[in-house]
Amino acid sequence: MNTLSSICRPFSPTELQLKACTAAADKLNVGIAIIDSHGCIFFWNQWLKEKSGLCCDEASDNDFLTIFPELKNSRLAQVISDAIKHGLPSLLSQSLNKSPLPLYENLADRSQRVQQTIYVTPLEFQDEERFCLIQVNDVSIAVKKERLLREQAEILRDFAFIDSLTGVANRRKLDEYLADEFKRAARSNSPISVIMADVDNFKQFNDFYGHSNGDFCLQRVANAIKAILNRPADLVARYGGEEFVIVLPDTSSGGASVLAEEIRSHVESLAIPHESSSLGSHVTLSLGVSNAQTYVNTSVNKLLNQADQALYQAKTKGRNQVVTFQE
Amino acid sequence: MNKLSEMQSDALLEIFNVGVGNAANSMSQLINEEIQLSVPKLQVVLKDHAEVISAFIRSQRICAVSQNFSGPLNARAFLVFPEGKTHEIVRRMLGEMVSAEELNTMEEEALSEIGNIVLNACIGSMSEMLQADFSSSQPFYHLGTANSILTSSQTDDDQFMLLLHIDFSMPKEKIDGYLIFLLSMQSFNELIKKIDLFLSQI
């Protein structure tokens with residue numbers, strides 16, 4: 001009777017069982033090699049034959065490192081010796097070991113090796129020398145999938161920080177960026193400035209020209225602001241409706257005012273028609289500038305509030321102008 | 001008997017320091033960057049260690065790589081890092097961006113390999129210096145609370161925990177982790193016997 005206990009009885013398999021095991025090893029979808037205690041290849045399954053081009057006669061009884069001279073002094077050679085001499089099992093991950101074995105999906109094209117995760121396990125036979133089992137998994141597909149996933153995640157993350165209408169940063173990105181830059185400025189005791197810009201009489205623009213023209217107007221204003229900023233650390237974000245906030249690290253109050261004036265005049269020079277404006281016939285901006293220089297009793301919110309107050313003053317003083325916050 | 005004498009404790013520390021020193025060499029070769037490992041401190045903790053665990057591992061979640069080994073004494077060995085620190089190690093070793101969330105499968109495997117190198121080196125050093133042959137399982141990756149990981153892989157027999165602080169130094173970065181060995185009373189006593197034998201021979 002072939003009960004479980006008789007199958008698992010320690011090593012007296014019939015010839016048929018041995019044949020079955022060899023046949024199974026050859027059908028496996030992983031690479032299986034057995035190395036004997038002298039470092040010679042004892043068994044080399046069909047999967048490895050197909051991927052290496054090395055047939056059984058060439059492989060069997062040959063010294064592993066003579067067949068693969070590139071592996072001398074490699075980590076794979078080391079862990080095989082650890083397994084045989086000290087009985088220690090090892091894992092060679094794909095990320096830390098770039099394809100140790102010369103295995104190819106297509107032997108005619110040897111430009112790219114199969115990506116491998118390799119398990120090296122000691123094989124103990126009672127009262128016999130220790131052998132070593134090498135199991136090679138092809139992880140090429142998994143590696144490719146994870147790379148794709150990572151790329152998609154990065155794209156999605158970028159999208160999560162972009163204002164879909166104007167293509168500049170959104171409010172979430174602004175909050176994160178301004179908090180980081182403010183902390184950095186405080187640490188290095190360097191100035192940081194903020195400009196808050198608002199399209200004048202934008203409600204009237206929308207009422208007169210319609211919302212799709214309003215959207216187009218905001219896109220042109222956003223692009224105009226972007227065109228003026230030329231340092232990589234400067235950031236423009238859509239703050240709300242027709243309001244934009246510009247973060248200027250390492251910028252004094254004077255420098256920020258000059259830049260704000262450049263933005264104002266650039267937008268005016270675009271000459272976007274605005275017949276219902278109270279100011280003339282073109283789209284204009286009002287801008288408020290605030291600055292942090294010393295970092296006592298100040299905060300990101302205070303900086304934004306001060307820019308907002310300056311912007312309010314610019315509006316009340318007649319719009320289409322820059323006001324810098326004064327304590 | 002559940003304590004180690006100062007001599008015994010020093011001997012064990014030496015064995016582990018030789019082990020992690022070898023591991024550091026292997027890892028430095030693997031990534032072409034100098035890594036230093038040392039085990040400055042060792043404690044023996046009794047079975048009811050839940051409180052101790054929460055006290056010494058401040059981070060709620062940990063990453064661990066474990067291997068079971070058996071021979072004259074049996075133990076479950078863990079290399080443990082706070083979850084966030086694991087990302088730093090993997091990032092440094094892989095030299096690429098690692099997402100802020102969980103490690104992906106390939107990164108988990110890389111960490112398993114790092115754990116495997118450290119644990120094998122410790123087992124190798126123990127086997128050499130205590131003249132004992134051990135066999136061991138392949139490494140296994142865990143992520144979760146210290147409590148759940150250590151208790152889930154613990155049997156009723158495991159009454160002792162050998163707790164070692166491990167310093168993982170890379171250029172411009174130092175990360176604290178732990179090596180933990182869970183042992184039964186019988187295996188703990190066997191360990192002490194082996195250490196005494198080792199001490200009597202030097």
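Two strands are counted as paired if DSSP finds at least two bridges between them. With that criterion in hand, the tour of this predicted model can begin in chain A.

**First stop: a pair of strands.** Select strand S1 of chain A, residues 31-35, together with strand S2 of chain A, residues 41-44. S1(A) and S2(A) run antiparallel and are joined by three bridges. To see one bridge partnership, display Ile34(A) and its partner in S2(A), Phe43(A).

**Second stop: the whole sheet.** Extend the selection to the five strands of chain A, which form an open sheet in the order S2-S1-S5-S4-S3 with antiparallel pairing. At its edges lie S2(A) and strand S3 (90-92) of chain A, each of which pairs on one side only. On average, neighbouring strands are turned by 15 degrees against each other, direction ignored.

**Third stop: helices against the sheet.** Select helix H6 of chain A, residues 75-86. H6(A) lies across S1, S3, S4 (116-123) and S5 (131-138) of chain A, and runs at about 20 degrees to S4(A). Next, add helix H4 of chain B, residues 105-129. H4(B) also packs on the sheet, where it touches S3 and S4 of chain A, and its direction makes about 145 degrees with that of S3(A).

**Last stop: where the chains meet.** Which residues should be shown here? Display the 24 residues of chain B that are in contact with 23 residues of chain A. On the chain B side, helix H3 (83-94), H4(B) and strand S4 (135-136) each supply at least two residues. H4(B) gives the most, with twelve residues. Coloured by class, this side of chain B shows eight nonpolar, twelve polar and four charged residues.

Methods: Residues numbered from 1 in each chain as written. Chains lettered and ligands numbered in written order. Predicted model: local features only at pLDDT ≥ 70, side-chain atom pairs only at ≥ 80, totals over all residues. Contact = placed C-beta atoms within 7 Å. Helix = DSSP H or I, 4+ residues; strand = E, 2+ residues; numbered from the N terminus. Nonpolar A, V, L, I, M, F, W, Y, C, P; charged D, E, K, R; others polar. Axes fitted to C-alpha atoms, helices over the stretch in contact; angles between N-to-C directions.
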